[in-house]
Amino acid sequence: MNVLFLTVSTGSGHIKAAQAIKECVDERFENSKTQIVDTLKYVSPLADKVIVGGYLQTVKGIPQVYGKLYKLAEYNESLTNFCKSVNRLFSGRLYNLVRDFKPSVIVCTHTVPLHMMSYLKLKGMVNIPVVAVVTDYTSHLFWKLDSIDAFIVAHDYIKHDMIAMGIDEQVVYDYGIPVSKEFVIKKNRQKILKELKLKDKLTVLLMGGSLGLGEVPGIFRSLLNCKRNLQIIAVTGNNKKLKAELQYYSLQSLKDVKILGYTDRIADLMDASDLIITKPGGMTISEALAKELPIVIMSPIPGQEERNAQFLINCGAAARITPGENIENILCQIIDNPIRLRHMKEMARYLRKLHAAQDITNLLGKLSGISQISELPLQASAGSLLPGISNYNHL
C-alpha cells in the first residue's frame, strides 16, 4: 500500500498526525511506500512563505484578527470559497506529485491540500481515495468538500457537528486524532525521573506549543512564586528567546526547574508530570488525554484553539487559567480536590482514542483497493483544470 500524506506546517500538530499514521502503516504493511509532504513548500515556496508566514505572524501578533476571520469563514461561504479558489491555483503541481508517487490512498491533515485534492477529483484528474484527518476538536466549513472519501474526527460529538454541516454520515469516522505509539504506552515514572534528573515531587509541565506562544512567561513566574513545593518542566519549542527569558527568571528562584527547547521526549515528560498547563492545540491535547494528564488551558488562539478549549472544559477534562488569575487557586482546585482530579482523569479516558492510528490504518487498507490515477496528458488537460493557466510547471 502506497500512502501519500499531505500536510502544511502551520504548527507541528498537522505533521505529527501524519507521522503517527505513517508510523502505523509502516509497521502494519512491510512493503508499503509512504511519504509526508509539506504541501505548500512543495508546490510553491513563495506561497508557503506568504500563506504560512502570514498565518504565523497573525496568530503571534494580532490573534484577534485571525479569530474574527475564522469565525467569519464559518458563516460566510463567499470567504470560504475564496480561500478554496486560492488553494486550487496550485493543484497542478500537486497533480504532478500524485502522478509520480502513484499512491493507493492520500491522507490530508490540513485543509489546504484537501482543497487541492477535492478539486483534482472533481475535475476527473484523479480517482484515488482521499482521507481527511481533522486535527482539532471542532468542525469548520473549510472541511465541507465534495469527493472526499473519509473524514476522521476527534470524537462522536464532532461527528454530529460534521453531519449537521451537510457532510454524509457514511464518510465521517470518529476514530480520534492519531498520536504516536509512545503516547499510548505508559512508562515507569521513577525511571523517567531518574533519566531526566528530576525529583520525585509534584511536577507541573508548562508548554506553549512548538512556537512557544501564549502567556508562558507570566505563568512560569507565577509557578516560581507559588508557595507549593513543586517542580517545573517548561518546554519552549523553537522559541529560543522564550527559553532564554525563562532561564533568566529561574535563576532568581530556589524552585526545581528544568527548561527545554524543542524536544522529542514530550511523552516521557507527560509521564513524569502530575499536571500540564498548555495552549490547547489539538495534537497536544490528544497526547495529554492519552496520558490521562489533568489539563489546564492557557492562551488559546481565537478560532480552533478556543473551540478546543470550550470542548474540553464542557466535557470536564480541563480547567482554564486567564491572565492575572492566581495559579495557586487553580492548583488547589485540581490537585487538592480528589473528586475533581479523578473526574478529569476519567473524562480523559472517555475522550481519548488510543487506537486512532490503527483504526485509520485499517480504513486506509480498505480504501486502497479502489485507486487509480488519470493518465490524461498533463498539458492537454490544463485548460479544463485551471482556466487561464496553460502550463502547470509555471505555477
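Me: Two strands pair if DSSP finds at least two bridges between them. With that in hand, how many bridges join S1 to strand S2?

Reply: Six bridges join strand S1 to strand S2 (residues 33-38), and the two strands run parallel. Strands (E, at least two residues) and helices (H or I, at least four) are DSSP runs numbered from the N terminus. This is a predicted model, in which local features need pLDDT of at least 70 and side-chain atom pairs count only at pLDDT 80 or more, while totals for chains, interfaces and linings use all residues. Residues are numbered from 1 along each chain as its sequence is written, and side-chain values use heavy atoms, with hydrogens and water left out.

Me: Which residue in S2 stands opposite Thr 7?

Reply: Asp 38 of S2 stands opposite Thr 7.

Me: Is Asp 38 buried or exposed?

Reply: Asp 38 is buried (under 20% relative accessible area with a 1.4 Å probe, protein chains only), its value being 16%. Its side chain also makes a polar contact of 2.9 Å with the side chain of Ser 9; such a contact is a pair of N or O atoms within 3.5 Å, one able to donate a hydrogen and the other to accept it.

Me: And which residues does Asp 38 touch?

Reply: Leaving aside residues up to four places away in sequence, Asp 38 touches Thr 7, Val 8, Ser 9 and Asp 48. Contact means heavy atoms within 4.5 Å.

Me: Back to S1. Why is strand S1 described as largely enclosed?

Reply: Strand S1 covers residues 2-7, and five of its six residues are buried, so the rest of the structure largely encloses it. Strand S3 (residues 105-108) also runs parallel to S1, joined to it by four bridges, and Leu 4 stands opposite Ile 106 in S3. Helix H6 (residues 91-101) lies across S1, S2 and S3.

Me: What is the strand order in the open sheet that holds S1?

Reply: The order is S2-S1-S3-S5-S6-S7, six strands in an open sheet with parallel pairing. The edge strands are S2 and strand S7 (172-173), each of which pairs on one side only. Within this sheet, three bridges join S3 to strand S5 (residues 130-133) in a parallel run, where Val 107 stands opposite Val 131 in S5.

Me: Next topic. What is the order in the open sheet with S8?

Reply: There the six strands follow S10-S9-S8-S11-S12-S13, and the pairing is parallel. Strands S10 (256-260) and S13 (318-320) stand at the edges with a single partner strand each, so one side of each has no neighbour in the sheet.

Me: How many bridges are there between strand S8 and strand S9?

Reply: Strand S8 (residues 203-207) and strand S9 (residues 231-235) pair over five bridges, in the parallel sense. Among the partners, Thr 203 bridges to Gln 231 in S9. Helix H13 (residues 282-290) packs on the sheet, touching S8, strand S11 (275-278) and strand S12 (295-297).

Me: Which strands does helix H14 lie across?

Reply: Helix H14 (residues 304-315) lies across S12 and S13.

Me: Last one: which residues of helix H15 are buried?

Reply: In helix H15 (residues 327-335), the buried residues are Ile 327, Glu 328, Ile 330, Leu 331 and Ile 334. Their cover includes S8, helix H10 (216-224), S11, S12, S13 and helix H16 (338-351). At the N-terminal end of H15, Asn 326 acts as a cap, with a side-chain oxygen 2.7 Å from the backbone nitrogen of Glu 328.

How values were computed: Axes are lines fitted to C-alpha atoms, for helices over the stretch in contact, and angles run from 0 to 180 degrees between N-to-C directions. Buried means under 20% relative accessible area, exposed over 50%, partly exposed in between (1.4 Å probe, protein chains only).
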